[in-house]
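Student: I would like to go through the pockets and the nonpolar cores of this protein.

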Amino acid sequence: MRSERKRFHSDRKRICGSELQTTCNLMQALAKREEDNLTGCLATIIFIRDVNEKGEEVSAYIDYRHRLKKENWGPYFRGEKKIAPSENDLSFYNWIKGTSYHTSSANFDVVADTDTLKLLFVCKSDGCAIDVNPKAQITEKVSRLDLTETSYEQAVIFDHLVLRAIP
């Protein structure tokens, strides 16, 4: 019983979106989605294109739920820190070096087809494929939100309403 109680408390995450102090539209949109991502009823992928600390243009598709569980988002929501694309994200590209990385997460499998130049993220809980091509048709299961007035060069949110909650 004692170990179950300890595990329950360590698995619970603090909702940081209530600390929102920035006018960045991306952070405002993510704060609204935070609890639904943590509970597993929504799967959000964030696309960010920005300039890193070395002055290199980088971009990434980020599994929001995965990052929420790994990091304290308080500094992001307070505007003290920017989300940085990482080689450990679902997909990362350094536009200067031409290097790319694809990494599946606990929530998504990455499917990169170099023949068709298609990049898909398949939700592990229900098998829904998210096509991030801007010309891809939007479906009932997936929505795309292109954001302006953010702290980033480009920011897009892909939301997937999950049929079976992600554990």
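Student: What is the volume of the largest pocket?

Tutor: This is a predicted model, in which local features need pLDDT of at least 70, side-chain atom pairs count only at pLDDT 80 or more, and totals for linings use all residues. Residues are numbered from 1 along each chain, and side-chain values use heavy atoms, without hydrogens or water. A pocket is an open set of points on a 1 Å grid where a 1.4 Å probe fits, with protein on both sides within 12 Å along at least five of seven lines; its volume is the space filled by probe spheres set on the points. For the largest pocket the volume is about 450 Å³.

Student: Which residues are closest to the centre of the largest pocket?

Tutor: Lining residues have an atom within 4 Å of a point. The largest pocket has 23 of them, and the closest to its centre are Y61, S91, L117, L119 and V132.

Student: Which residues are closest to the centre of the second largest pocket?

Tutor: The second largest pocket holds about 300 Å³ of space. Among its 17 lining residues, the closest to the centre are N52, E53, V58, P85 and F92.

Student: Which element gives the most to the largest nonpolar core?

Tutor: A nonpolar core is a set of buried (under 20% relative accessible area, 1.4 Å probe) Ala, Val, Leu, Ile, Met, Phe, Trp, Tyr and Cys residues joined through side-chain atoms within 4.5 Å. The largest has 23 residues, of which L26, M27, L30, I46, W73 and I83 touch the most other members. Helices are DSSP runs of H or I with at least four residues. The one that gives the most, with six residues, is α2.

Definitions and conventions:
Buried means under 20% relative accessible area, exposed over 50%, partly exposed in between (1.4 Å probe, protein chains only). Helices (H or I, at least four residues) and strands (E, at least two) are DSSP runs, numbered from the N terminus.
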